[in-house]
Amino acid sequence: MHSLDLNLMRNHVRNLLQIDFKHKRGNALRAESTTRVKRVVDHPDDIRTLRACQEVIFQNNPHLLYELLKFQRRILYSFCLDYDIRMEGHQLVVGTRWLLAKSITEWRQLPHAAASFLQRYPRLSHAQEELLGDQTEEGHEGEASDTDSGDDGASEAGSSHGPSNVKPAMLRRLSKSIVALLDEEDEIVSGRVYAQVSAQILAHFCDVLSLNRTTIDLSTRRAKKSLFNLLMNELKENPDAPGHLLLQFAIDSPVADADAFLGSDVMEAVYIDMRRTRLPSWITPAPHDWGTSRRGKLSADNWRIICCIHLPITLIRLFGTSEGRPQSLLGNFMDLVAAVRLAAMRQTSPEQIQMYNKKIIKYTEGTLELFPDYNILPSHHAAIHIGDMLTRFGPKHAHDSPHYERYINFFHHMNTNNHVGEVEGTFMRTAARNANILALLGDSPQAQGLVQRMVDRMKRHEKENLRGFRLAEALDPFNPAKAATEDACVSDGVMGELLPQELDLLTEILQAVVDERNTPVDPNVTFLSSISYQHDVYGTWNSPRYRDSAILYSHDGDERAGIIQKIFLHRHKTSRGEDTTSRYVLTAEYRTVARNEDRFRKYGSAGGFSCIPAPQIVRLIRLESVICHIAVTDITEQTIVHILPINRRLFSFENVQDD
């Protein structure tokens, strides 16, 4: 399932919506590619090398294959794209450097190759000519200067963009450091800057300032020192030189990098909503600074929680009523969220699988419409077949292996290289510890009492479907299912008496049947701080389980949200004389916002719904009416509370199938 959360979700946020902490929100517009295929070389130095490659192919020497192997793969790949040279049986240009060189050699020997080659030789593709720009010299028919030696065809320092192996950001930083040396007298700082630059970079800086460096041989060891002195003298003597050097490496188009949809303002809103969102205890909160460079890599669970809980809350709040591209971007993202939620359920149905297939196909088609230059990933193809996997193998947890992945992550952090004997020593220490523990348990009554209390506590939690519990039982194919696992597991209770209002609510429920209207109701009950029901744990708002007190439940055919105030057991004698014990939950129910005024309901269960925080309704329900936990977010700007159902079994909230 990592094709969804770890691949599609991460890729959608990182590469399509994009995160930018330096600029405000944009429209996630991707710059149009200047070449037909994005992997075509576009650096001026590489384009000159491509011309040298064309010359070699044009000469068609007997050892053409081995001469082509001297060029890098991207050069050969670009030539194959220009002349549509493909291997037999392939519809795209693919292959290693050897295969590309072999394909070019075979193509060059064909009778029609010379005619098509000479018709364009030695011109490049139109897009590459534009990229070369002013660097392209006139007189294409006889450019011996570009192709004499068969190498790059130009000095690495002579390009306007600098050496091909140095990024523009590095040149920009080094130019600022060198100019800053004009006001620096500390020789240590000067030595640090000198150590960071190379002779090729210094030569490029000299060329930018049009300095005469013909007397300096770059192949000698003294070249770097001579170039550094030449550059510093010019910067000190010419007052215009520092500004000209800095201007050469200034960012040409600052607006182009400021079009991320998740800009600084949106990310700040996401962080604010994360801080005021209350999650169930079984959900591990995502890092509060996700998306930043200091946070680094996120796990698959982190991406699933971020994209299925936090981002929908904030993005719908900000753009739920917008129009144009923001609305389209939001709808496309919510299609992915809905598909992931459907695929992650622990129970499946044919209708659910059909809806998943519809959502994932709609998401893929929408992605291509919003990002025309975007290439479909293998993850998209794998995601389309997840519906088939759910049909054949059942829910994802039946064929998923997160527990193995946790062990793999553990082993990744183990350093076993050159640690001979440590593994054996670990085995020995473990055996000795086990022996000591057994001896301690056999001789110490105090230790026996502590262990017994621990065992009792673990048995109490055995029926809770938490990470690490009941794993062996769930994986044992010979262990029959127990009916008790579906019953409620209660915590230690305290006897008490219901308040008059609470007793009235209980009486209304028990006397709803005509035969029970005259049956007396005992106000004495057993209050519980938490209760386990159908593998989920629910607690009261003032107990240690307060994070599990927000629930979604059914009442009169509608789904309502509320906070658990009390949980109690009630023993009641029916009109027939039968003793029954029932479980009840007293909630403070939120008032739902009208459907036509709720921007969240448009996106079904993936978007949740809005409620009015006050005043709340006191509601008493049976435990069997509880559906699932919810995530509650206080949106103070709009005076509403957002409710997001979080069900690990089935699609709990209404299935709104938007077209």
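Let me start with helix α19, residues 386–393, where the buried residues are I386, G387 and L390. Around the helix axis these residues cover an arc of only 110°, which puts them on the same side of α19. The other side of α19 carries T391, R392 and F393, and these are exposed. Just after the helix comes G394, with a positive phi of about 90°. I should say now that this is a predicted model.

Next, the packing. In soluble globular proteins, nonpolar side chains tend to be buried together. Here the largest nonpolar core has 60 residues. Which residues have the most contacts inside this core? They are V13, L262, W290, I309, L311, L315 and F333. As for the elements that give two or more residues to the core, α19 is one of them. The other helices are α1 (3–17), α14 (264–275), α15 (300–319), α16 (325–343) and α17 (350–370). Two strands are also on that list, β11 (626–635) and β12 (640–646). A second core, separate from this one, has 26 residues, including L174, A223, L235 and F249.

Take L262 as an example from the 60-residue core. Setting aside neighbours within four places in sequence, L262 is in contact with V13, L17, Q18, I19, D20, M267 and L315. Two of those partners, V13 and L315, are themselves listed among the residues with the most contacts in the core.

Now the charged pairs. Side chains of opposite charge can pair when their charged atoms come close. The structure holds 17 salt bridges, and I will go through three. In one, the side chains of E637 and R276 meet, at 3.0 Å from N to O. E637 sits in the loop between β11 and β12, and R276 in the loop between α14 and β1 (277–278), so the pair ties together parts that are 361 residues apart in sequence. Is R276 buried or exposed? R276 is buried, because its relative accessible area is 16%, and the cut-off for buried is under 20%. Both E637 and R276 belong to a network of salt bridges that also links D273 and R317.

Another bridge joins D634 and R278, with the closest N and O atoms 3.1 Å apart. D634 is in strand β11 and R278 in strand β1, so this pair ties together parts that are 356 residues apart in sequence. D634 counts as partly exposed, at 28% relative accessibility. R278 is also partly exposed, at 39%.

The third is between the side chains of R560 and D558, at 3.8 Å from N to O. R560 is buried, with a relative accessible area of 18%, whereas D558, at 40%, counts as partly exposed.

Two other sites before I stop. T526 lies in strand β4, residues 524–528. With a relative accessible area of 10%, T526 is buried. Which residues does T526 contact, leaving aside neighbours within four places in sequence? The contacts are G493, V494 and M495, then I567, F568, L569 and R571.

Last, the surface. Y66, W98 and L99 make a nonpolar patch of about 320 Å². L99 belongs to helix α5, residues 97–108. At 31% relative accessibility, L99 counts as partly exposed. Patch residues need over 30% relative accessible area, so at 31% L99 meets that cut-off.

Note on methods: Residues are numbered from 1 along each chain as its sequence is written. This is a predicted model: local features need pLDDT of at least 70, side-chain atom pairs count only at pLDDT 80 or more; totals for chains, interfaces and linings use all residues. Side-chain values use heavy atoms; hydrogens and water are left out. Patches are made of residues with over 30% relative accessible area and no salt bridge: like charges are joined within 9 Å, nonpolar side chains (Val, Leu, Ile, Met, Phe, Trp, Tyr) within 5 Å. Accessible areas come from the Shrake-Rupley method with a 1.4 Å probe; for residues, only the protein chains shown count as cover. A salt bridge is a side-chain nitrogen of Lys or Arg within 4 Å of a carboxyl oxygen of Asp or Glu. Helices (H or I, at least four residues) and strands (E, at least two) are DSSP runs, numbered from the N terminus. Buried means under 20% relative accessible area, exposed over 50%, partly exposed in between (1.4 Å probe, protein chains only). The arc is that of the directions from the helix axis to the C-beta atoms. A nonpolar core is a set of buried Ala, Val, Leu, Ile, Met, Phe, Trp, Tyr and Cys residues joined through side-chain atoms within 4.5 Å. Contact means heavy atoms within 4.5 Å.
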